[in-house]
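Subject: Structure for you to look through

Dear colleague,

Here is the structure I promised to pass on to you, and below it I have written out what was found in it. Please keep the picture open while you read, so that you can follow each part in turn.

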Amino acid sequence: MAEKPQAVRVHYCQVCSLPAEFCEFGPDFEKCKPWLIQNAPDLYPDLLKEASDRDADKVSDQLQSVEISSRGGDGGGAAVAAAVAVAAASSGASASKQEEVKRLPGGKIKKKEKQEVVIEKIVRNKRKCVTTVKGLELFGVKLNDASKKLGKKFATGASVVKGPTEKEQIDVQGDISYDIVDFITDTWPDVPAAAIYFIEDGRKVPAA
């Protein structure tokens, strides 16, 4: 008897909206790199090494600069010691990050998410429009409560669903992007307008 096929979970990039494994073929791979290092290091191990090498180069430049300046005065020894301490701290942080990547299963990094709300208008079946709202829970907003308020405000259907990355989001029927930012900031003052973004043409742009 053939085995039952298992569902494949696709990890979508929050910068270019492509599946993470296709970011390198997208238009903004350089912009995707920081997100990939944090969220998909197992797919791009060379990016983590590249970031560590850059940190090491910066520390080396600092040490060389301090060494040159130390030749001109007695305070150079203290400056070199300070630079060495900075180098050690930077090296320790880099090693700690690599250790964290190895320690967690699946290559995922358990890190506090950046507080931001992302709004995207999605057209389905060429006619049906849905506005997705992601990230309100990062500001302490209960998604079920927010869903009800959004549905009541815009007189439409709204529900809490799991998005492509298995994180909960609010799907609101119709295009409500025209004044949703004002409604969010007025209803939940802890959400600043500067933390709200729109997805336009696959790019994340500030709403404010």
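To begin with one residue: does E116 count as buried or exposed? With a relative accessibility of 10 to 20 in mind as the region of interest, the reply is that E116 counts as buried, because its relative accessibility is 13%. Please disregard the range of 10 to 20 in that reply, which was a slip of mine: the cut-off for buried is under 20% relative accessible area, and 13% falls below it, so E116 counts as buried. Please also keep in mind throughout that this is a predicted model.

The chain as a whole

The protein chain contains five helices and six strands, and along the sequence these follow the pattern α-α-α-β-β-α-β-β-α-β-β. Of the 208 residues in the chain, 32% are buried. The chain exposes about 13600 Å², and carbon and sulfur atoms supply 52% of that area. If you take the contacts between residues at least 6 apart in sequence, 46% of them join residues at least 24 apart.

The sheet

The six strands form an open sheet in the order β3-β4-β2-β1-β5-β6, and their pairing is mixed. Its edge strands are β3 (158-162) and β6, each of which pairs on one side only, and the twist from one strand to the next averages 30°. Within this sheet, β1 and β2 (residues 128-134) pair in the antiparallel sense over seven bridges, and you can look for E120, which stands opposite T132 in β2.

The salt bridges

Side chains of opposite charge can pair when their charged atoms come close. In this model the count comes to five salt bridges, and E116 takes part in the two described next.

The side chain of E116 meets that of K114 in a salt bridge with an N to O distance of 4.0 Å, and K114 counts as exposed because its relative accessibility is 59%. The side chain of E116 also meets that of K204, here with an N to O distance of 2.7 Å. Since K204 lies in strand β6 (residues 203-206) while E116 lies in the loop between α3 (76-103) and β1 (117-124), this pair ties together parts that are 88 residues apart in sequence. K204 is partly exposed, with a relative accessible area of 31%. Through salt bridges that share partners, K114, E116 and K204 are joined into one network.

Another salt bridge joins the side chains of K33 and E30, at 2.9 Å from N to O. Both residues lie in helix α1, where they are three residues apart, or about one turn of the helix. K33 is buried, because its relative accessible area is 13%, whereas E30 counts as exposed because its relative accessibility is 56%.

A buried loop residue

A195 is placed in the loop between α5 (180-187) and β5 (196-200), and it counts as buried because its relative accessibility is 10%. Which residues does A195 contact, leaving aside its neighbours within four places in sequence? They are Q115, E116, V117 and F139, so that E116, which you have already met in the salt bridges, appears here as well. From C-alpha to C-alpha, A195 and V117 are 6.2 Å apart in space, although 78 residues separate them in sequence.

A nonpolar patch on the surface

L18, F22 and F25 make a nonpolar surface patch of about 320 Å². Of these residues, F22 is found in the segment before α1 (29-39), and it counts as partly exposed because its relative accessibility is 44%.

Two residues with a positive phi

Most residues other than glycine have a negative phi, and with that in mind you may wish to find two residues in the loops. E166, which is not a glycine, has a positive phi of about 70°; it is found in the loop between β3 and β4 (168-173) and counts as partly exposed because its relative accessibility is 36%. D201 is likewise a residue other than glycine with a positive phi, in this case near 55°. D201 is placed in the loop between β5 and β6, and it is exposed, because its relative accessible area is 80%.

With best wishes

How values were computed. Residues numbered from 1 in each chain as written. Heavy atoms only, no water. Patch = residues over 30% accessible without salt bridge, like charges linked within 9 Å, V, L, I, M, F, W, Y side chains within 5 Å. Areas by Shrake-Rupley, 256 points an atom, 1.4 Å probe, with all protein chains shown as cover. Helix = DSSP H or I, 4+ residues; strand = E, 2+ residues; numbered from the N terminus. Buried < 20%, exposed > 50% of the residue type's maximum accessible area, 1.4 Å probe, protein only. Contact = heavy atoms within 4.5 Å. Pairing = 2+ DSSP bridges. Axes fitted to C-alpha atoms, helices over the stretch in contact; angles between N-to-C directions.
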